[in-house]
Amino acid sequence: RNSKFTDIACSTSLLWSRVGFISTVDYRNTIRVVAITNSVFTNIDVADYLFAWQPNDGKPTFNITDCTFTSIRSGVSLFRSDNFQDEMSITNTTFDLETGCLGLFFNYQTSHIYFEDVTITTAQRWFVGAEYGLITIAADSILTMTNVIMRYTYNVTAGCLLYSSDKNLTDGSHWWREWTCMNAYMALLNEGGEVTMRNCELDTILTGVPSYDPSTVNFEFESTVGWGFSALFVNDGAGVLNLENFYHRRGLCRYLFRNQGTMNIFNFTTWYDEAEYNPHIAMSMALFTSWGNTATMFLDASRISGFKRWAAMSFAAGMYISNTVFEMGGWAMISNAGNMISIENCTFTRVGGRYFGQWFSNTVNLQPTVPIYMFRVGKAEIINNRFSTFDSYGLVGSFESGETLISNNIFTLNASGALFELPDDGAVMVEGRSIIMFDGGGPTQVIENVFEVATEDMNYDPNNFWILYDSCSSGYHGICGNTFTNAAIKAIATNVTSCFRPRLIECVNVDTAYSDCFSEKNISLKDVVQQVTVTAEIDSVFHVESGDMALDHVHIEVSTAAEVADPVIVKAVNSTVLLVDSFIADGYDISYYTSECEIVYNERLRDPSEYIAKLHLVCGDVSESDSLQQTSDSDALRLVDSLSASSIDVQSLSSTYYPGQLFKISFTVMDALGNALDYQTTDKLVIRLEGEGFLTDLSVLPSGVCSQCEQGVLINTLQVNEHDDEFTLEVSILNDVLLLLDNQITLNVTGCPAGFGPDENNSTCIHCNNGYYNLLPVSVVECRSCEPGSNTGVECSDGDITVVRDHWMGLYHDNASSSIISALCPTRYCCQQTDGCKYNDALNHAEGVLCAKNRNSSSKLCGACNDGYSEAMNSALCVKCEGHHFEFILWPLLWSVILTLMIFYCSMESGKRNPKKSVDDKKEVVRARPKNICQALLTHRYFQYMIRTMVLKNIFYYQQAVTQILSTSTYNVLFRDLAGYFELTMTSALFDADEDALWCFV
């Protein structure tokens, strides 16, 4: 504590557990804690170590805080630990090392080493002894470095050697001499432990720099002593190296990080000053490398600017790069036999060895200077990246790699800011190269990428194809949804097909049924369109040699700048080209060389005519000297009404479902434009419905008939008591024969409908038994009895209630239960159907079922008319009145007046008369005389007898006869309805007058 060690030389170590300047005898039991605080060590020279302690099972602790180490020279290292378990902490301390390592930690069990707020400086180029780094940790150590600065001082004159002229590299007017330099001292060697470097910084200060022109000299770093010395940071074996917020200003080595374990890099930043940057100055040749099939590197959220040759490189290792910016350098990523490569959400600006990075011979081990290059990689994914650069060898190259996906990237050709001038003839691609180059290898997919030129002053040749396939004979090579300008795709000895319909390539064989080729689809690509815009006169849009090409959903537009006779040319040499469901701009057509080509199919849509349903072109050995012809001029042209079947819409016939119901669906097959069409195929279409505990397949025959869809299927996993719940069915089409527009059907599960009730297990709804009923539209209780003994006017059977003619039925509700009540109705009020009326039809609001037409079924005995209707004066029917008919009051008023006058007249006295006396049983009886003749007539016993026997009897008999006679007649007779009142049986058919003949009052 508060000590100072100056000018000390020691033949062994400054502190060792057994021998040294400070020593103890019983090292196993005595040394537990070593603490050095606020001390200064200056000009120390030791043959082995400053501080060392060997096997100790007491878990010792070594702490260094607020110290300064200056001009330290050690034969091996400042610190060494060989304990089973220990903990070392170095905080707020600076180290200036002239020779030797900083720390060797060879612990046999888990040990923790902490560096925080530490600065390490050294001027060493390489270490002569064993292959150690400044810091070396063993497999059981855990090193955490926080806020650590590592600074090198490098003498260029002493460390580099100028090669003779035979090592010069030339490219036209560009040339320079090459300096070969020794690597700086290895900073870290992790031999299987775990290292975390957080908020750390690496910098190099150059001294002894000779006078030279940086445009004519190039510095290279070679590995001269062991493979480890080719890198500053080495993660060996099963080690783990974590970099968080690491700032790299400049490193002097062949590789900055070399990984054979797992390397996790987050927010790595490099220094970059565009005004000072030159890729030929002394700097690390590569930043990140991974070696071996067990090594994996993850690089995320970083910015890599101003790198010399490679930013990231892997040899037989996995590499995952995301959310990272690569700016100004050679190869952004190169992989040699990597097992998996993933590049996602990255930006590549001004990268490529030809114009932006360290230029050297255009190929090194047959590896072109493209920003991304993959050499025999097992699997690769390049997704959602942005490229704004140019290299004459292309932007992405792949040589004999495995499964490769390039999707949703933007490739913008931009040569601005190039370190070396473009040739006079502009941005010219090297012959046989393209922006994306597949040279052999396995299956590929190029999906929804954008290919564009930033500015016209690049003078980019429009005949350069954006994508080139060369001898890619393994697997499917799919392409769809991309956007091209001018020459799009060239394929040599390669079969190129659609990503949407991978088997479309099989249709180039004329003997293959198109339904077979269309039967497999990638649903996620159903809406993608391949866009090709022709803006200049070009040799061809698509070029195929000794292979086949089958594409769909290709939209070809032509700008006014390409006004030539044949702006859209498809060239096929000993090849077949198939275009399906595609589009060409109005007024233009596809041209082809006629001498060795035959059009097998040429189907164009009738309306709109710009759409190509099917174009099948088979060509032999075509020459560009042959004449061109447009496809619409061929004899094979045929107009059709729709494109190919591509999608299917499956719908439920009902949004509700009750247990026991047969679930029915309908389906509509459509083309890409939404046109419905009759679906017929040689394959069977299978619609799968799957829900919780339920699975069924509905087969559509090649004729397009689905009997199971029409008859319905039973969903036997639902219970009756699960009403008012939702049940979701997942819909799918097996083998993706057609695209499914909606993959879900949601049903509202209800209780049993009217006429149904749950079975004894409550698992399904069944018809109510005879004598029982259910009138509720949603019921979960058993059917109720119709009580036939007290309800003679109703009959219950097969779940329905039949009301007998001229009878009425209602429900009496008592708390939660209900019972039927029925009664005989007035004639022509209630049910008028001879076979009776279905009460359930009345529940469904069918007109004229429970009550006669226009009568209110909610009223008892149908005694009221519907709103807006009133009972006719000459019928029991209800009729709608058009206005008020007060003239009908005249008849009763007239009869009232006549009867009033008659009564008045008959009530008048005719004069005084003497009562007539009669003798009865010898008694004198005085009789009252009638007041007038009316009274005398009406009260006379002979008149009353005559009325009873002759008049009334005949009238009643007559009217009954008229009623029976006219009951089946449609002839309208005066007082016909009056005769109905003398009908005594009330069971015969009554006259149903025409509504125009009914008398309406109000």
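Me: Is Cys-765 buried or exposed?
Reply: Keep in mind that this is a predicted model, where local features need pLDDT of at least 70 and side-chain atom pairs count only at pLDDT 80 or more, while totals for chains, interfaces and linings use all residues. Residues are numbered from 1 along each chain as its sequence is written, and side-chain values use heavy atoms, with hydrogens and water left out. Buried means under 20% relative accessible area, exposed means over 50%, and partly exposed is in between (1.4 Å probe, protein chains only). The relative accessible area of Cys-765 is 6%, so Cys-765 is buried.

Me: Which cysteine forms a disulfide with Cys-765?
Reply: A disulfide is a pair of cysteine sulfur atoms within 2.5 Å. Here the two sulfur atoms sit 2.1 Å apart, and the partner of Cys-765 is Cys-752.

Me: What handedness does the link of Cys-752 and Cys-765 have, and how many residues apart are the two?
Reply: The angle about the S-S bond is -85 degrees, and the link is left-handed. Helices (H or I, at least four residues) and strands (E, at least two) are DSSP runs, numbered from the N terminus. Cys-752 is in the loop between β70 (744-749) and β71 (756-758), while Cys-765 is in strand β72 (residues 765-767). So you've got a left-handed link, and the pair joins distant parts of the chain, with a separation of 13 residues.

Me: What is the relative accessible area of Cys-752?
Reply: Cys-752 counts as buried. The value for Cys-752 is 0%.

Me: What about Cys-768 and Cys-783: how many residues apart in sequence are the parts they tie together?
Reply: These two are joined by a disulfide, S to S 1.9 Å, and it's left-handed, with -75 degrees about the S-S bond. Cys-768 lies in the loop between β72 and β73 (772-773), and Cys-783 in the loop between β73 and β74 (784-785), so the parts tied together are separated by 15 residues.

Me: Are Cys-768 and Cys-783 buried or exposed?
Reply: The label covers both partners of this disulfide. Cys-768 and Cys-783 are both buried.

Me: Is the disulfide of Cys-831 and Cys-837 left-handed or right-handed?
Reply: The sulfur atoms of Cys-831 and Cys-837 are 2.1 Å apart. Cys-831 is buried at 0% relative accessibility, and Cys-837 is buried at 1%. The torsion about the S-S bond is about 90 degrees, so this disulfide is right-handed.

Me: How many disulfides does the structure hold?
Reply: We've looked at some of them, including Cys-831 with Cys-837. The total for the structure is nine.

Me: At what relative accessibility is Cys-67?
Reply: Cys-67 counts as buried. Its relative accessibility is 2%.

Me: And which cysteine has the nearest sulfur to Cys-480?
Reply: Cys-480 is in no disulfide, and it's buried, with a relative accessible area of 2%. The nearest cysteine sulfur is 3.7 Å away, and it belongs to Cys-499.

Me: Which residue does a cis peptide bond join to Asp-607?
Reply: Omega is about 0 degrees for this bond. The partner lies in the loop between β57 (597-605) and β58 (611-619), and its name is Pro-608.

Me: What is phi of Ala-493 near?
Reply: Ala-493 is in the loop between β48 (489-492) and β49 (496-497), and at 34% relative accessibility it counts as partly exposed. Phi is positive here, in a residue other than glycine, and is near 50 degrees.
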